[in-house]
Amino acid sequence: MRILITGATTWHDESAIRRELTALGNVGSVVTGDTPGIDALAISVAHELGIEIDSMKKSRAVYKAFPGEGWKGLNVRMMATGVDLVLAFHADFDTPGCARGTRHAVELAQQAGIEVRVCRA
């Protein structure tokens, strides 16, 4: 199973990530981005659990295609890697005006028929 982990750059709860990945059981790889917070923690936890990590970075082409919103292009690229499930970690996911990048990744997944689980705490 290939899991995309996305969420808040201010996320700090490694145990929530560990809990979700451990509960899934057969995780082949984790795809994540290049930000502090959720991405850095996802890499750390996946490494600890012996899960393959595909850490993707925003590219010059992404910034050109999405001026000022490179995260959108990164979300598109990450989703295109064959993700089976999206785990989104954001305490403010339901707050209007917050979680724009996380919400974008969730919407892409839903449009593609990919299962999404949102963890708020």
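By class, 6 nonpolar, 9 polar and 4 charged residues make up the lining of the largest pocket. The model is predicted. The pocket encloses about 260 Å³ of space. Its lining counts 19 residues. G7, T35, W71, G101 and T102 lie nearest the centre of the largest pocket.

Which elements give two or more residues to this lining? They are β1, α2, α4 and α5. The largest share comes from α4, with 4 residues. The table gives their spans.

| Element lining the largest pocket | Residues |
|---|---|
| β1 | 2–7 |
| α2 | 38–48 |
| α4 | 70–79 |
| α5 | 100–112 |

**Backbone at A99**

A99 sits in the loop between β4 (85–89) and α5. Its phi is near 60°. That is a positive value, in a residue other than glycine. Is A99 buried or exposed? The relative accessible area of A99 is 9%. The cut-off for buried is under 20%, so A99 counts as buried.

**Packing of α1 and α2**

Helix α1 covers residues 14–24 and packs against α2. The angle between the two helices is about 50°. Their axes lie 9 Å apart. Angles under 35 degrees count as roughly parallel, and 65 to 115 as roughly perpendicular. The pair α1 and α2 fits neither class and is therefore oblique. The crossing of α1 and α2 is right-handed. Helix α2 also gives two or more residues to the lining of the largest pocket.

Terms used. Residues numbered from 1 in each chain as written. Predicted model: local features only at pLDDT ≥ 70, side-chain atom pairs only at ≥ 80, totals over all residues. Heavy atoms only, no water. 1 Å grid on protein atoms, 1.4 Å probe; cavity = no way out; pocket = protein on both sides within 12 Å on 5 of 7 lines; lining within 4 Å. Points joined across faces, edges and corners; volume = space filled by probe spheres on them. Nonpolar A, V, L, I, M, F, W, Y, C, P; charged D, E, K, R; others polar. Buried < 20%, exposed > 50% of the residue type's maximum accessible area, 1.4 Å probe, protein only. Axes fitted to C-alpha atoms, helices over the stretch in contact; angles between N-to-C directions. Parallel < 35°, antiparallel > 145°, perpendicular 65-115°, else oblique. Left-handed = near helix turned anticlockwise from the far one by under 90°.
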